[in-house]
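User: I would like to go through this structure step by step, from the whole chain down to single residues. Could you reason through each point with me?

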Amino acid sequence: MSETESSGLRPSVPAPGRSTRQRAAVTALLEETDDFQSAQQLHDRLKHRGDSVGLTTVYRTLQSLADAGAVDVVRTDDGEAVYRRCTSGSHHHHLVCRSCGKTVEVEGPAVESWADRIAAEHGFTDVAHTLEIFGTCAQCGER
């Protein structure tokens with residue numbers, strides 16, 4: 001078992017599609033980032049690092065990584081998609097602090113059972129779902 005696998009982190013996943021310097025820069029930045037970031041925030045960070053990567057390339061790379069399951073995507077309260085490298089190789093959900101953005105990956109077996117039961121009751125197959133729970137973390141609650 002590799003060190004990455006034993007630590008519980010997913011190994012680095014290259015962005016699907018053509019391997020380019022720009023895609024590699026986006027992927028490398030995601031590996032260094034623990035918090036959820038918007039495509040615009042990632043683009044700005046790349047620009048400040050001196051990486052010449054277009055915003056469209058950032059969006060396309062993030063979509064490819066999301067489709068491959070290599071990044072988590074969460075919609076903020078205002079509907080903006082934010083991205084973070086996936087630290088778990090299994091299906092999971094998120095607790096997200098509205099104040100600071102702290103995110104905790106959680107499993108929800110009861111949610112999985114409920115989703116399967118509802119889908120079956122309505123004749124649906126091959127279903128997928130996402131669940132984000134927004135609240136205030138303990139540190140922000142103390143402020």
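User: How much area does the chain expose, and what share of it do carbon and sulfur atoms supply?

Analyst: Please keep in mind that this is a predicted model, so every value here is computed from predicted atoms. The area that the chain exposes comes to about 9,000 Å², and the part of it supplied by carbon and sulfur atoms is 50%.

User: Which residues of helix H3 are buried, and why are they on the same side of H3?

Analyst: Helix H3 spans residues 39–49, and its buried residues are Ala-39, Leu-42, His-43 and Leu-46. Because these residues cover an arc of only 100° around the axis, they are placed on the same side of H3. The cover over them includes helix H2 (21–32), strand S1 (37–38), helix H4 (55–67) and strand S3 (81–85). The buried residues asked for are therefore Ala-39, Leu-42, His-43 and Leu-46, and the reason is the arc of only 100°.

User: Which strands stand at the edges of the open sheet of 3 strands?

Analyst: The order in this open sheet is S1-S3-S2, and the pairing is antiparallel. A strand with a single partner has one side left without a neighbour in the sheet, so the edges are taken by S1 and strand S2 (71–75).

User: Which residue of S3 does Ser-38 stand opposite?

Analyst: S1 pairs with S3 in the antiparallel sense, over 2 bridges. Looking across to S3 from Ser-38, the residue that stands opposite is Val-82.

Technical notes: Residues numbered from 1 in each chain as written. Predicted model: local features only at pLDDT ≥ 70, side-chain atom pairs only at ≥ 80, totals over all residues. Heavy atoms only, no water. Buried < 20%, exposed > 50% of the residue type's maximum accessible area, 1.4 Å probe, protein only. Helix = DSSP H or I, 4+ residues; strand = E, 2+ residues; numbered from the N terminus. Arc of directions from axis to C-beta. Contact = heavy atoms within 4.5 Å. Pairing = 2+ DSSP bridges. Areas by Shrake-Rupley, 256 points an atom, 1.4 Å probe, with all protein chains shown as cover.
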